[in-house]
Amino acid sequence: MSGRVIVITSGKGGVGKTTASANIGTALAKAGNKVVMIDTDLGLRNLDLLLGLENRIVYTIVDVVEERCKLKQALVKDKKNPNLCLLAAAQTRDKSAVTEEQLKDICEKLKKDYDFILVDCPAGIEQGFQNAVAGATEAIVVTTPEMSAVRDADRIIGLLEAKEEIESYRLLLNRVRPNLIKSKDMMSVEDVVEILSADLIGIIPEDTGIITSTNKGEPIVNDEKSLAGRAYMNVARRIMGEDVDFMNFEEETSVVAKVKKFFKGLMGKEK
Amino acid sequence: MKDNIFAELYNKLLGFFRQAEQEESAKDVACNRLRVVLMQDRTNLTPQLLERMRGELVELLSKYLEMDKEALELNLDQEGEQMALMLSIPVIRAKDEEEIEKALAEAEKAKEESETEDEEDAPDDETPEDETSEDETEEADKDEASQESTSEPVADSQPAKAAAMKFPNKEICGDCRECELSDDIECEKKQQAASKKTTK
């Protein structure tokens with residue numbers, strides 16, 4: 001088996017990299033893939049929290065690198081899905097504890113046993129970013145329809161393009177608010193795509209459910225009723241090569257009856 | 001009386017719609033600001049340099065074409081590996097041969113004058129010899145613009161000089177008068193592609 005290594009990055013912090021990683025990873029695992037997630041945000045790890053695995057971590061990526069344990073020992077299995085596991089970041093060390101070569105090496109080893117290796121990248125464009133990108137051949141650039149996030153995404157795209165190993169990158173537009181787009185107070189999906197001239201892998205609507213799901217330590221894809229959850233499921237399907245239409249959120253802001261009708265239509269399609 | 005009411009109503013309505021049109025939405029502001037800032041990020045061109053580049057392009061192109069100078073748009077787009085400078089200029093009218101000759105002669109004259117007057121204090125739109133801040137080559141045209149300017153039979157040394165004045169550090173191709181000789185893309189090809197030219 002030779003898995004795909006996908007780095008999830010954004011440049012700007014707080015746009016939802018870790019949330020996206022947790023949800024895409026869970027969604028891919030739910031679809032039957034063997035998935036491992038690597039948190040490379042050394043010193044500021046959070047992926048364990050979003051997955052609700054914070055109490056199960058014994059070894060971290062630094063322990064693996066410094067040979068205090070075997071790679072397999074450091075992989076924490078998910079509570080619900082045995083196909084999913086996490087290689088946590090060390091909380092007490094900084095970005096220099098792991099090098100690009102070491103991360104590459106870990107990715108190569110994991111490729112043999114897993115379908116997908118998702119690398120959660122730290123914010124910024126410094127060494128942490130360079131490390132995270134080192135082992136990857138694909139990238140997902142997370143951004144929101146805000147100026148600062150789009151600008152940083154553009155910077156990241158520039159850096160990704162300069163990397164020979166990265167064969168493709170796609171854009172994940174997070175925290176989209178259809179109401180604001182409709183009133184022309186927020187940049188639309190089309191605007192962002194045009195400005196960055198990048199392919200889209202998904203559109204995730206702003207969803208308060210994300211907050212509760214984070215609090216519970218359970219990715220929102222597990223909630224099949226939630227809009228964001230379904231959007232993440234679609235992202236996973238697109239990663240797997242399926243051709244899935246992008247959701248149209250605008251209709252849902254209109255009359256209640258229409259909303260219901262739309263939901264029904266969507267549910268029907270997905271089943 | 002009745003007419004007046006209708007006229008008033010009409011004007012009010014018109015005014016209402018105009019107002020709605022004029023007010024730029026927050027997202028448009030965001031898009032425009034982003035485009036500008038990304039262009040700077042991608043090229044290291046400051047707003048001052050961009051404005052200067054714009055000014056020089058307007059000056060250069062208006063020798064050959066009558067155009068809407070205010071509506072000139074500069075954009076940088078990423079096309080795969082290469083960055084493309086997109087220049088859009090609404091052409092009002094093509095100048096005829098005489099006018100072009102005249103404009104070129106004037107430019108030449110102005111250049112000579114400025115050289116003789118004072119060599120130290122060069123005007124803004126003339127690039128002094130020691131200018132090295134612009135390492136980008138600017139070449140851009142709109143379809144019509146390039147066709148017009150290349151179909152004009154004024155292929156003397158004059159235009160080449162006029163263009164050379166703009167890019168004193170670069171050799172200028174004699175065929176199209178706008179590209180560099182060192183550029184590995186051939187001139188004709190460039191003119192066919194016309195709408196886009198690359199900066200590196």
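Let me start with Arg238(A), which, leaving aside residues up to four places away in sequence, touches Ile201(A), Gly202(A) and Val244(A). Please keep in mind throughout that what we are looking at is a predicted model. Arg238(A) sits in helix α11 of chain A, the helix that covers residues 227–239. Although Ile201(A) is 37 residues away from Arg238(A) along the chain, the C-alpha atoms of the two are separated by 6.8 Å. Is Arg238(A) buried or exposed? It is partly exposed, because 16 other C-beta atoms lie within 10 Å, whereas a residue needs 20 or more to be called buried and 12 or fewer to be called exposed.

Staying with α11(A), we can ask how its axis meets that of helix α1 of chain A, residues 17–30. The two axes come within 8 Å and cross at roughly 65°, and the crossing is right-handed. On the α1(A) side the contact is made by Asn23(A), Ile24(A), Ala27(A) and Leu28(A), while α11(A) contributes Tyr232(A), Met233(A), Val235(A), Ala236(A) and Ile239(A). If you sort the residues of this contact by class, you find eight nonpolar, one polar and no charged.

Now to the sheet of chain A, which is open and built from eight strands in the order β3-β4-β2-β5-β1-β6-β7-β8, with mixed pairing. Why do β3, residues 75–77, and β8, residues 200–205, have one side left without a neighbour in the sheet? They stand at the edges and each has a single partner strand, so there is nothing in the sheet on the other side. On average, and ignoring direction, neighbouring strands here are turned by 20° against each other. At the β3(A) edge, three bridges join this strand to β4(A), residues 84–87, and the two run antiparallel; Lys77(A), for instance, has Cys85(A) in β4(A) as its bridge partner.

Two helices on this sheet deserve a look, and α7(A) is one that lies across β1, β6 and β7 of chain A, running at about 165° to β6(A). Helix α9(A) also packs on the sheet, where it touches β6, β7 and β8 of chain A, and its direction makes about 150° with that of β7(A).

Helix α7(A) itself covers residues 147–162, and its 16 residues reach 23 Å from the first C-alpha to the last, close to the 22 Å expected at 1.5 Å a residue. Among its buried residues are Ala149(A), Val150(A), Ile156(A), Ile157(A) and Leu160(A), and the list also includes Arg151(A) and Asp152(A). What do the buried residues of α7(A) pack against? Within chain A they pack against β1, β6, β7 and α9, and together with these comes α2 of chain B, residues 26–43.

That brings us to chain B, which has seven helices and five strands, and in which 18% of the 200 residues count as buried. Where the chains meet, 14 residues of chain B are in contact with 14 residues of chain A. On the chain B side, α2 and β2 each supply at least two residues, and the largest share, eleven residues, comes from α2(B). By class, that side has six nonpolar, two polar and six charged residues. Finally, within chain B, if we take contacts between residues at least 6 apart in sequence, 67% of them join residues at least 24 apart.

Technical notes: Residues are numbered from 1 along each chain as its sequence is written. Chains are lettered from A and ligands numbered from 1 in the order in which they are written. This is a predicted model: local features need pLDDT of at least 70, side-chain atom pairs count only at pLDDT 80 or more; totals for chains, interfaces and linings use all residues. Helices (H or I, at least four residues) and strands (E, at least two) are DSSP runs, numbered from the N terminus. Two residues are in contact if their C-beta atoms, placed from the backbone, lie within 7 Å. The expected span of a helix is 1.5 Å times one less than its number of residues. Axes are lines fitted to C-alpha atoms, for helices over the stretch in contact, and angles run from 0 to 180 degrees between N-to-C directions. A crossing is left-handed if the near helix is turned anticlockwise from the far one by less than a right angle, and right-handed if clockwise. Ala, Val, Leu, Ile, Met, Phe, Trp, Tyr, Cys and Pro count as nonpolar, Asp, Glu, Lys and Arg as charged, and the others, Gly among them, as polar. Two strands pair if DSSP finds at least two bridges between them.
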